[in-house]
Amino acid sequence: MDVPRHVAIILDGNGRWAKSRRMPRNYGHVRGAANVETICRAADDMGIQYLTVYLFSTENWRRNPEEVTSLMKLFHSYTRTCIRQARENNMRCRVIGDPTALDAQLQASLRELVESSKNNTGLNFQLALNYGSRDEIVRAVRRTAQAYRDGSICSLDEITEDSFSAMLDTADIPDPDLLIRTAGEQRLSNYLLWQLAYAELYFTDVPWPDFSKKDLEKAVEVYQQRTRRFGGLNAGEEDSPQEARLHRG
C-alpha cells in the first residue's frame with residue numbers, strides 16, 4: 001500500500017510526560033530529543049522519504065526564560081549529535097524557520113549540519129526551529145516583493161502558487177502527505193499552514209517521548225485507509241442523475 005512520501009510531526013507532550021513522572025520539564029525535552037533519532041530510523045525503514053519535525057515555534061519564546069535557555073542548550077547539543085547521525089545514516093538535514101533569533105553558536109552548528117549533509121541521499125530530515133507558518137509566509141511575501149522590485153518578477157501575473165511556494169522555507173521539498181500530532185491536542189499551532197493544505201491529519205494521545213515505531217506504523221496504516229481527493233472526486237463518485245437534480249435544487 002501507499003506509504004506517505006512526506007510526514008510532518010508536531011512533537012508534543014514532553015513536559016507533561018516528565019511531570020507525570022515527577023521529573024522536571026527539561027527531562028522530558030531530553031527524552032523527546034533522543035526519540036527523534038528512533039523515529040528517523042523508523043521512517044527511513046518504512047520508505048518515508050521526508051520527515052519534518054516541529055522543535056521550537058516562534059511562539060515558544062513566551063515560555064519561562066529558564067526553560068527556553070535549557071531548550072537552546074539542548075538544541076545545540078542535539079545539532080552536534082545530528083551531524084554524526086546524518087553522516088552514519090546518509091541523512092540529508094535542512095532547517096526551516098528564522099535562525100536569526102538564535103545564538104551565533106547554534107546558528108553555526110545548524111549551518112554545519114546542513115552543509116555537511118547536503119550530498120546525502122537517504123532520509124530528508126527537516127528541523128523546524130524558531131519556525132512559525134505565519135512568519136514564514138510574511139517572509140515569503142517580502143521575498144516576492146523584493147523580486148518584483150528587482151525585476152526578476154516582471155509582472156504580477158507571474159506570481160502563482162508554484163512561484164510563491166518557491167519563496168517558502170520548504171522550497172524544493174514536497175508538501176506533507178500526513179501530519180501527526182502527539183499528546184492529544186488537535187490543532188496545527190501555526191505549523192506548515194500553506195504546505196498542509198491537503199495533508200491527512202492524525203492525532204494520538206501518545207506523548208512524544210513514548211511515540212514508537214509501532215505508533216508511526218499505526219499512523220501510516222490510518223493514512224492508507226483514507227481516500228485523498230484534493231478537492232475533486234474519485235472515479236465512480238460522480239453524482240447520480242437523481243443526486244444531480246437535488247443539488248441543482
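## Helices H2 and H7

In this predicted model, helix H2 (residues 25–46) packs against helix H7 at an angle of about 45 degrees, and their axes are 9 Å apart. That angle falls in none of the roughly parallel, antiparallel or perpendicular ranges, so H2 and H7 count as oblique to each other. The crossing of H2 past H7 is right-handed.

Who touches whom here? From H2 come Ile39, Ala42, Ala43, Asp45 and Met46, and they meet Lys213, Leu216, Glu217 and Val220 in H7. Sorted by class, the residues of this contact are 6 nonpolar, no polar and 3 charged.

H7 (residues 213–224) has business with the sheet too: it lies across strand S5 (178–181) and S6, running at about 135 degrees to S5.

## The sheet

The sheet is open and has 6 strands, paired in parallel, in the order S3-S4-S2-S1-S5-S6. Strand S3 (92–96) and strand S6 (200–203) sit at the edges with a single partner strand each, so one side of each has no neighbour in the sheet. From one strand to the next, the twist averages 20 degrees.

Take a look at S2 and S4. Strand S2 (residues 50–57) runs parallel to S4, and 7 bridges join them. If you want a spot to start from, find Thr52, which stands opposite Gln126 in S4. H3 packs on the sheet as well, touching S2, S3 and S4, and its direction makes about 160 degrees with that of S2.

## Helices H3 and H4

Now for the other helix pair. Helix H3 (residues 65–89) and helix H4 (residues 104–117) pack at an angle of about 15 degrees, with 9 Å between their axes. With the cut-off for roughly parallel at under 35 degrees, H3 and H4 are therefore roughly parallel to each other. Their crossing is left-handed.

On the H3 side, the contact is made by Met72, Phe75, His76, Thr79, Arg80, Cys82, Ile83 and Ala86; on the H4 side, by Gln105, Leu106, Ser109, Leu110, Glu112, Leu113, Ser116 and Ser117. By class, that gives 8 nonpolar, 6 polar and 2 charged residues.

## Asn120, in the loop after H4

Asn120 belongs to the loop between H4 and strand S4 (124–131). What does its side chain reach? The Asn120 side chain comes to 2.9 Å from the backbone oxygen of Met91.

Setting aside neighbours within four places in sequence, Asn120 is in contact with Ala86, Arg87, Asn90, Met91 and Arg92. You've met Ala86 already: this H3 residue also takes part in the contact with H4.

Technical notes
Residues numbered from 1 in each chain as written. Predicted model: local features only at pLDDT ≥ 70, side-chain atom pairs only at ≥ 80, totals over all residues. Heavy atoms only, no water. Axes fitted to C-alpha atoms, helices over the stretch in contact; angles between N-to-C directions. Helix = DSSP H or I, 4+ residues; strand = E, 2+ residues; numbered from the N terminus. Parallel < 35°, antiparallel > 145°, perpendicular 65-115°, else oblique. Left-handed = near helix turned anticlockwise from the far one by under 90°. Contact = heavy atoms within 4.5 Å. Nonpolar A, V, L, I, M, F, W, Y, C, P; charged D, E, K, R; others polar. Polar contact = N/O pair within 3.5 Å; in protein donor to acceptor, adjacent residues only side chain to side chain. Pairing = 2+ DSSP bridges.
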